[in-house]
Amino acid sequence: MHDERVNGWISTAVRTMAAQYGLPLVDMNRLTQHRGESFPDKLHGNESGYRYIALRYANEVFGAELM
């Protein structure tokens, strides 16, 4: 994936659909963009990357800081 594609039309399409259907949106791209050590190929996480995604998602959706 190229950053311009993810941050361009894909991001716009996802945001538009979320707004159209009144759905919450967790911007995982924003949350993970500075965690290069956890996403070695800039797309797929390693163990710490997937753990980070799960914890951030839970925090964003449920408002709870999980350990």
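Which pattern does the protein chain follow when read along the sequence? The pattern is α-α-α.

**Figure 1. Overview of the predicted model, a protein chain with three helices and zero strands.** The chain has 67 residues, and buried residues make up 18% of them. Its exposed area is about 5,400 Å². Carbon and sulfur atoms supply 58% of that area. Among contacts with a separation of 6 or more, 22% join residues 24 or more positions apart. Four salt bridges are present in the structure. Aromatic pairs number zero.

**Figure 2. Confidence along the protein chain, with a mean pLDDT of 85.** A pLDDT of 70 or more is reached by 88% of the residues. Confidence is lowest in helix 1, residues 3-21, where the mean is 83. It is highest in helix 3, residues 47-62, where the mean is 90.

**Figure 3. Close-up of the salt bridge between R15 and D27.** The closest N and O atoms of this pair are 2.5 Å apart. R15 belongs to helix 1. D27 belongs to the loop between helix 1 and helix 2. Twelve residues separate the two, and the pair links distant parts of the chain. Is each partner buried or partly exposed? R15 has 40% relative accessibility, so it counts as partly exposed. D27 has 19%, so it counts as buried; the cut-off for buried is under 20%.

**Figure 4. Close-up of T32 in helix 2, residues 28-32.** T32 has a relative accessible area of 15%, so this residue is buried. Which residues does T32 touch, not counting those up to four places away in sequence? The contacts are F39, Y52 and I53. Y52 also appears in the next view, where the charged end of R35 sits over its ring.

**Figure 5. Close-up of R35 with Y52 and E37.** The charged end of R35 sits over the ring of Y52. The distance to the ring centre is 3.9 Å. R35 also meets the side chain of E37 in a salt bridge, at 3.8 Å from N to O. R35 therefore takes part in both a charge-over-ring arrangement and a salt bridge. What is the relative accessibility of each salt-bridge partner? For R35 the value is 24%, so R35 counts as partly exposed. For E37 the value is 55%, so E37 counts as exposed. The cut-off for exposed is over 50%.

**Figure 6. Close-up of the salt bridge between R56 and E60 in helix 3.** The side chains meet at 3.5 Å, N to O. Why are R56 and E60 separated by about one helical turn? The two residues are four residues apart in helix 3, and that is why the separation is about one turn. R56 has a relative accessible area of 24%, so R56 is partly exposed. E60 has a relative accessible area of 36%, so E60 is partly exposed too. Helix 3 is also where the confidence of the chain is highest, at a mean of 90.

Technical notes:
Residues are numbered from 1 along each chain as its sequence is written. This is a predicted model: local features need pLDDT of at least 70, side-chain atom pairs count only at pLDDT 80 or more; totals for chains, interfaces and linings use all residues. Side-chain values use heavy atoms; hydrogens and water are left out. Buried means under 20% relative accessible area, exposed over 50%, partly exposed in between (1.4 Å probe, protein chains only). Contact means heavy atoms within 4.5 Å. pLDDT is the predictor's confidence in each residue, from 0 to 100. Rings of Phe, Tyr and Trp (its six-membered ring) pair if their centres lie within 6.5 Å; planes under 30 degrees apart count as stacked, over 60 as edge-to-face and the rest as tilted. A charge sits over a ring if NZ of Lys or CZ of Arg is within 6 Å of the ring centre and within 35 degrees of the ring normal. Accessible areas come from the Shrake-Rupley method with a 1.4 Å probe; for residues, only the protein chains shown count as cover.
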